[in-house]
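Student: Could you take me slowly through one helix of this protein and what it packs against, and then through a few other places where the backbone or the side chains deserve a careful look?

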Amino acid sequence: MKKYVAAIDQGTTSTRCIIFDKQGNIVSSGQKEHEQIYPKPGWVEHNPDEIWSNTLEVITRARAARSIALDDIAAAGITNQRETTVVWNRKTGRPYYNAIVWQDTRTSEMVRFHQEREIDDWWRVTTGLPIATYFSALKLRWLLDNVPNLRRDAEKGLALFGNMDTYLIWRLTGGPNGGLHITDVTNASRTQMMNIYMVKWDAEVLYRLDIPAQMLPRIVPSSQNYATISAEPLQSIPLAGALGDQQAALLGQACLEAGEAKNTYGTGCFMLMNTGTSPIPSHFGLLTTVAYQFDKDNVHYALEGSVAIAGALVQWLRDNLGILQNSADIETLARTVDDNGGVYFVPAFSGLYAPYWKSHARGIIAGLTRYVNKGHIARAALEATAFQTYEVLRAMENDSGIRLSSLRVDGGMVVNELLLQFQADILGVPVIRPKMIETTALGAAYAAGLAVGFWTGFDDVRRNWGVDKTWEPAMQEFKRNDLYMYWQKAVERSFDWEE
């Protein structure tokens, strides 16, 4: 009898393999960070070969830690950093260039070019996404324009495109020896090349961007038995689930009904609301995206608010300024002061995403006086995540017409209780942390396990979800309004820093 499902979680800063039991508990895990490559200001890259090597290593670690046999694993699923773009050779498996990460801003001038010629919000209407540096399409166009021989090979059918899900699935299922070139509907919806209504690659988008269609993977459901894995650490295991990381977290949080929402606090910060089987166009700066699709079922959609920098700001304070030894130290440092001391930190390192979509904004720290110390800076960094979440939530309520009564949260930052109390205070609604905060990997496991019958249906998913702790708002409204007024002033000062 099969006991477990494995989930590969390929994230922005690390790759993990987590093995879950039927109750959704973690049985074992392995994790390894990969290098963050910054060739120029605003450029962010990863080495795909390093990530592939790390993937094999973390699977091996996870199995070895509890001596888990292949016969005990029912299926494997994969979840990934979305929008990060990689192109590799079909015959050799070698990447033509480093993966261009979702945070990268090198396509800013291309964004401006298309914005100046856009009529009637065409990109958002067609793809659910505004034209922005965030998404995969312009990254792919940059690669085609700048990497020698890539366009030639693409037109010959030798060069393959994908986000990290597609690249790893291809490698796991044989690579040059018949590897599957597929992507699931959630990742396809983040490329800005998929028609959000037709759920297929859009010929007009490809024409406008001069992207050869033969580079693109086949679009498949998020939960389906795709193939048997041939890579040794999971050899003979069905690969049966794939979702972008934020959609995986939506499933892991059991947000399976229209109106249910979650917020993930990771490298960035991402709030998704399930809107059912109908896409809702956004008029308040959000994204219309695919939530999931189970085999032959209808596609389910979501509204999403994406914030580029959340946990990455803590990492920046640690690595670039050296005011933290470890990321976990930020809560202790922030608790050395009673408030932010008048300091507001707008982390627009890659521009501002939802709801502003200002690619030429840049990060600022406002309100500095001689009174301010590193404790105030740490507190302002945490509060920045909460303020950005508040703005996304307001936009989501305006778009959906639904007033959220609470917010389910997950991701690495939710161990920070100071952050979660401030988040509840600013939102004015309870913030709920589930017992299982590794909901991204859990969502990928659910997608795979449901496809092979390890879990029999959504009721199993709902039963596994449970509350760990709830934070109730305790801030008076006038104080909330006062803090938010100063946050807005700081945000406005970050606009148009880049010419």
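Tutor: What follows begins with one helix and then turns to other parts of the chain.

Please keep in mind that this is a predicted model, and that the values below are computed from it. The helix to start with is α1, which covers residues 48–65, and its partner is helix α6, which covers residues 164–172. The axes of α1 and α6 are 11 Å apart and meet at an angle of about 60°. The word for such an arrangement is oblique, because angles from 65 to 115 degrees would count as roughly perpendicular and those under 35 degrees as roughly parallel. The crossing of these two helices, α1 and α6, is right-handed. On the α1 side the contact is made by P48, D49, I51, W52 and T55, while α6 contributes M164, Y167, L168, R171 and L172. Sorted by class, the residues of this contact are 7 nonpolar, 1 polar and 2 charged. As you look along the residue numbers, it helps to remember a general point about helices. An α-helix has 3.6 residues a turn, so residues three or four places apart point the same way.

Another residue of α1 is E50, and you can follow E50 to a different stretch of the chain. Leaving aside residues up to four places away in sequence, E50 touches E33, H34 and E35. If you take E33 from that list, E50 and E33 are 17 residues apart in sequence, and their C-alpha atoms are 9.8 Å apart in space. E50 counts as partly exposed because its relative accessibility is 23%, and the limit for buried is under 20%.

Now compare this with helix α9, which covers residues 245–252 and has 8 of its 8 residues buried, so α9 is largely enclosed by the rest of the structure. The buried residues of α9 are D245, Q246, Q247, A248, A249, L250, L251 and G252. After α9 comes A254, which has a positive phi near 60°.

Positive phi values turn up in loops as well, and two of them can be read side by side. N149 is a residue other than glycine with a positive phi, near 70°, and it sits in the loop between α4 (136–146) and α5 (150–155). Q192, which is not a glycine either, has a positive phi of about 65°, and it is placed in the loop between α7 (185–188) and β10 (194–195). In accessibility, N149 counts as partly exposed at 45%, whereas Q192 is buried, with a relative accessible area of 1%.

A further backbone detail is found at P355, in the loop between β19 (344–346) and β20 (364–366). The peptide bond leading from A354 to P355 is cis, and its omega is near -5°.

Finally, consider the cysteines, for which a search of the whole structure finds 0 disulfides. C269, for example, is in no disulfide, since the nearest cysteine sulfur, which belongs to C255, is 14 Å away, and a disulfide needs two cysteine sulfur atoms within 2.5 Å. C269 is buried, with a relative accessible area of 2%. C17 also counts as buried, at 1% relative accessibility.

How values were computed. Residues numbered from 1 in each chain as written. Predicted model: local features only at pLDDT ≥ 70, side-chain atom pairs only at ≥ 80, totals over all residues. Heavy atoms only, no water. Helix = DSSP H or I, 4+ residues; strand = E, 2+ residues; numbered from the N terminus. Buried < 20%, exposed > 50% of the residue type's maximum accessible area, 1.4 Å probe, protein only. Contact = heavy atoms within 4.5 Å. Axes fitted to C-alpha atoms, helices over the stretch in contact; angles between N-to-C directions. Parallel < 35°, antiparallel > 145°, perpendicular 65-115°, else oblique. Left-handed = near helix turned anticlockwise from the far one by under 90°. Nonpolar A, V, L, I, M, F, W, Y, C, P; charged D, E, K, R; others polar.
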